[in-house]
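Hi everyone, thanks for coming. I'd like to walk you through one model today, so please have a look at it before I start.

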Amino acid sequence: MFDSHCHFDPDGDVAGQIARAREAGLAGLLAVGGDAKADEGARLAAALAPGFALPAYGLDRDAADSIEGREELDAAMAALEERLAAEGAVALGEIGLDYSHGEGPADRARQRALFAAQLRLAAKLALPCSIHSRDAEADTVELLRENLSPELAAAGRAGSLHCFVGSAEFAAALAPLGLCFGLSGIVSFRSADALRAVVPLLPRDRILVETDSPYLAPVPMRGRPCEPAFVVHTARRVAELLGLPEAEASALFAENARRLFAPA
Ligand SMILES: [Zn+2]
């Protein structure tokens, strides 16, 4: 299988986490940036395990606070474009919208502007995105519709909605836009019956598994700092929900991730 969304602490045991991920049978992982620390972790992982740890860089919603006006946004996009090329990024991430802290209209508008600009950059570079969306489903769908590359969307390679916990309606809006669904350890949480009911409805060739490490350790690893090797527990749970043998499901998740982030 493949951990389609994880973060590394550059001051942590990155080499050990990668070694354990390989031992656990992972075929690869997407090392996701989004802020200075996560970017550095992704860069370090990619340097330690080229071809296995694939890097993604981007500006997450918190960066929206420090970007003022059109000129600053254009400058940030130019710098990001340069970095994506220089670092051999396979995706933009993580990017997206988060309205879960009671953001007002001005904050929301800044987040939307930053997200839209990065979606346009991804379309220009023909790169998929690793997308965060929390309490912002309608705006997420609208901006994806307006800004995604039609070619990538048609190929089912527009990106992944990471840590997908949405409704069947949200999934039905995302699938035609070429989005994949990143299922995290949340599928194993006791409170996640609604999500578990949606999983069998997702198109199988769009299902990914992820840890979002260091967050969201799956059952039975709850309470521990999460790391990519733990994605095996999430994959097992999703396989059960799909009624697939574990090995077949793991191969499917790896193939879906390869198609998205490392097409031949
Ligand atoms: Zn993340």
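I'll begin at the metal site, move outward to its neighbours, and finish with helix packing and some backbone details.

One thing to keep in mind throughout: this is a predicted model.

So, which residues hold the zinc ion? The protein donors are His-5 and His-7, each through NE2, together with Glu-94 through OE and Asp-212 through OD. They lie 2.1 to 2.4 Å from the zinc ion. Along the chain, the donors follow the spacing H-x1-H-x86-E-x117-D. Two of them make the point nicely: His-7 sits in the loop between strand E1 and helix H1, while Asp-212 sits in the loop between strand E8 and helix H9, 205 residues apart. So the pair links distant parts of the chain. Both are buried, His-7 with a relative accessible area of 11% and Asp-212 with 8%.

What about the geometry? The angles among the four donor atoms run from 89 to 175 degrees, and the site is irregular. A tetrahedral label would need all angles between 85 and 135 degrees, so the upper end of that range rules it out.

Now let's look at what surrounds these donors. Strand E5, residues 129–134, holds His-132, and Ser-130 is in E5 as well. Which donor does each side chain meet? The side chain of His-132 makes a polar contact with the side chain of Glu-94, at 3.4 Å. The side chain of Ser-130 makes a polar contact with that of His-5, at 2.8 Å. Ser-130 is buried, with a relative accessible area of 0%, and His-132 counts as buried too, at 12%. Beyond close sequence neighbours, Ser-130 is in contact with residues including Leu-30, Val-32, Leu-92 and Ser-160. His-132 touches several others, among them Arg-61, Leu-97 and Asp-98. His-162 appears in the contacts of His-132 and in those of Ser-130.

Glu-94 deserves a second look. This donor lies in strand E4, and a cis peptide bond joins Gly-93 to Glu-94, with omega about -10 degrees. There is another cis bond, from Ser-213 to Pro-214, with omega near 15 degrees. Pro-214 belongs to the loop between E8 and H9, which is where we met Asp-212.

That loop also contains Leu-216, which is not a glycine and yet has a positive phi of about 55 degrees. Leu-216 is partly exposed, at 24%. Asp-135, in the loop between E5 and H5, also has a positive phi of about 55 degrees without being a glycine. Asp-135 counts as exposed, at 56% relative accessibility.

On to the helices. In H5, residues 137–147, the buried residues are Asp-139, Thr-140, Val-141, Leu-143, Leu-144 and Asn-147. What do they pack against? Their partners are strands E4, E5, E6 and E7, plus helices H4 and H7.

My last stop is the pair H9 and H10. Their axes come within 9 Å and cross at roughly 110 degrees, which makes H9 roughly perpendicular to H10. H9 contributes Ala-235, Arg-236, Val-238, Ala-239 and Leu-242 to the contact, and H10 contributes Glu-246, Ala-249, Ser-250 and Phe-253.

That's my tour, and I'm happy to go back to any part of it. Thanks for listening!

How values were computed
Residues numbered from 1 in each chain as written. Predicted model: local features only at pLDDT ≥ 70, side-chain atom pairs only at ≥ 80, totals over all residues. Heavy atoms only, no water. Donors = N, O, S within 2.8 Å, 3.2 Å for Na, K, Ca; no water. Tetrahedral: all angles 85-135°; square planar, octahedral: opposite > 155°, others 65-115°. Helix = DSSP H or I, 4+ residues; strand = E, 2+ residues; numbered from the N terminus. Buried < 20%, exposed > 50% of the residue type's maximum accessible area, 1.4 Å probe, protein only. Polar contact = N/O pair within 3.5 Å; in protein donor to acceptor, adjacent residues only side chain to side chain. Contact = heavy atoms within 4.5 Å. Axes fitted to C-alpha atoms, helices over the stretch in contact; angles between N-to-C directions. Parallel < 35°, antiparallel > 145°, perpendicular 65-115°, else oblique. Lists of a residue's contacts leave out its neighbours within four places in sequence.
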